[in-house]
Amino acid sequence: MTTLYTNIKELIQVREANIKKVSGPAMGILPTIKNAFLLIKDDTIISYGKMSDSHIFNFDKKIDCSGKMILPAWCDSHTHIVYAGNREQEFIDRINGLSYEEIANKGGGILNSAKKLQETSEEELYEQSAKRLEEIMMLGTGALEIKSGYGLTVAAELKMLRVIKQLKQNYPLPIKATFLGAHALPKEYKKNPSGYVDLIINEMLPKIADEKLAEFIDVFCEKGYFSVNDTNHILSAGKKYGLHPKIHVNQFNSIGGVQIAIKHQALSVDHLEVMTQDDIDALKNSNTMPVALPSCSYFLSIPYTPARAIINAKLPLALASDFNPGSTPSGNMNFVVATACIKMKMTPEEAINAATINGAYAMNLADKVGSITIGKKANFIVTKPIPSYGFIPYNFGSTVIDTVYINGKKI
Ligand code: NIG
Ligand code: FE
């Protein structure tokens, strides 16, 4: 079945297949075709170009897009959408003056979510998570990564990862799974942190590898969570099972997480709210993608990742949502893109590149999604009639989305 989308006001992010990511000044360039067509066969992009060249193609169905634009669906490379319940009480506690750190120290935070998740059945956890997945697909997300890390016991981490596996099987978009056993230290291990690292390495990892439940491995490398040394051990152990690192670093403190990530050839380093010049320099000459999570900064009122310093250093940057119950209870990538422009001074071109092609790179999906490219998945957004693509971030509180297509099918 072939579908021809015609009279597209502007077809955004058209790229040759060899482009896997964009860095530095190239992030400011967003290749587009005005008055364009797009041809889809089943779930794949098979052609695109100027409207005047569209007559040579046969098709089964035609969709007129007059006044509307088409861009690749968002690639959200960092989420924690599998969780149980919510943490609305902590939101209120923060309004009343407590910090994220103070709440965590009182036994709230990640441990609060872990308790809820341990008490929730796999079926119920699946239902709650699937609802969030459906919501973000409607908001234009066409590929995503999901982390474990609210289990913190062997059984509960496996439960989370099995839910991710079921979501992969039941939904059409590409989903990558990340094992984040090292998200927080369970209470029972407060006096024996190395015991928990051993549990991750000796009990969790072999079982996860056995059931092929994850592609990536993550560690929350931060003061009060996991040290650089722990991170080094866990990433080394993960490597033996073929798990590629994507790690939480520099959210509150710069403690050497970026450097250890690069030593392990991490696919991405995520958060980066607190960056030193050394951290930026370390990223040069690496293939590691820096990932910013502006909705987390917004929700917690913490600093934003210094996007300008990163891009001015000729580095790439990706944007992701961090959708989770504690620091970012939102998976709206339109808001992420707008907030990156408004608060991080990224241009619309940079922000759209960061949330599409660079996001795809940050989950090893750059050959499948992230741009309008022949052979890639037909995962894209059709906008409402808008004057220019700058309206996507400019119109920040409303949605410019008309329709979302995943694998060529309207969702
Ligand atoms: O990416 N920083 C670590 N993990 C999550 C938040 C976890 C939580 O508060 O539940 C994050 O922000
Ligand atoms: Fe996160």
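How far apart do the C-alpha centres of domain 1 and domain 2 lie? In this predicted model, the separation between the two centres is 29 Å. Domain 1 is built from two segments of the chain, 2-72 and 371-410, whereas domain 2 spans 74-361. The two domains are in contact, with 28 residues contributed by domain 1 and 33 residues by domain 2.

Ligand 1 occupies the largest cavity of the model. The shell around ligand 1 consists of 15 residues, of which Tyr 100, Tyr 150, His 183, Gln 251 and Ser 327 come nearest. By residue class, this shell comprises 4 nonpolar, 9 polar and 2 charged residues.

Polar side-chain atoms approach ligand 1 at several positions. Two of these approaches are made to oxygen atoms of the ligand: a polar side-chain atom of Tyr 100 is placed 2.4 Å from an oxygen atom of ligand 1, and a polar side-chain atom of Arg 87 is found at 2.8 Å from an oxygen atom of ligand 1. A nitrogen atom of ligand 1 is also engaged, with an N or O atom in the side chain of His 183 at a distance of 2.8 Å. On its own, ligand 1 has 330 Å² of accessible area, and 100% of this area is covered by the protein. Tyr 100 and His 183 thus appear both among the residues that come nearest to the ligand and in the polar approaches described here, Tyr 100 towards an oxygen atom and His 183 towards a nitrogen atom.

Conventions
Residues numbered from 1 in each chain as written. Chains lettered and ligands numbered in written order. Predicted model: local features only at pLDDT ≥ 70, side-chain atom pairs only at ≥ 80, totals over all residues. Heavy atoms only, no water. Near = heavy atom within 4 Å. Polar contact = N/O pair within 3.5 Å; in protein donor to acceptor, adjacent residues only side chain to side chain. Areas by Shrake-Rupley, 256 points an atom, 1.4 Å probe, with all protein chains shown as cover. 1 Å grid on protein atoms, 1.4 Å probe; cavity = no way out; pocket = protein on both sides within 12 Å on 5 of 7 lines; lining within 4 Å. Sits in = over half its atoms within 2 Å of the grid points. Nonpolar A, V, L, I, M, F, W, Y, C, P; charged D, E, K, R; others polar. Domains from an automatic or database assignment. Contact = heavy atoms within 4.5 Å.
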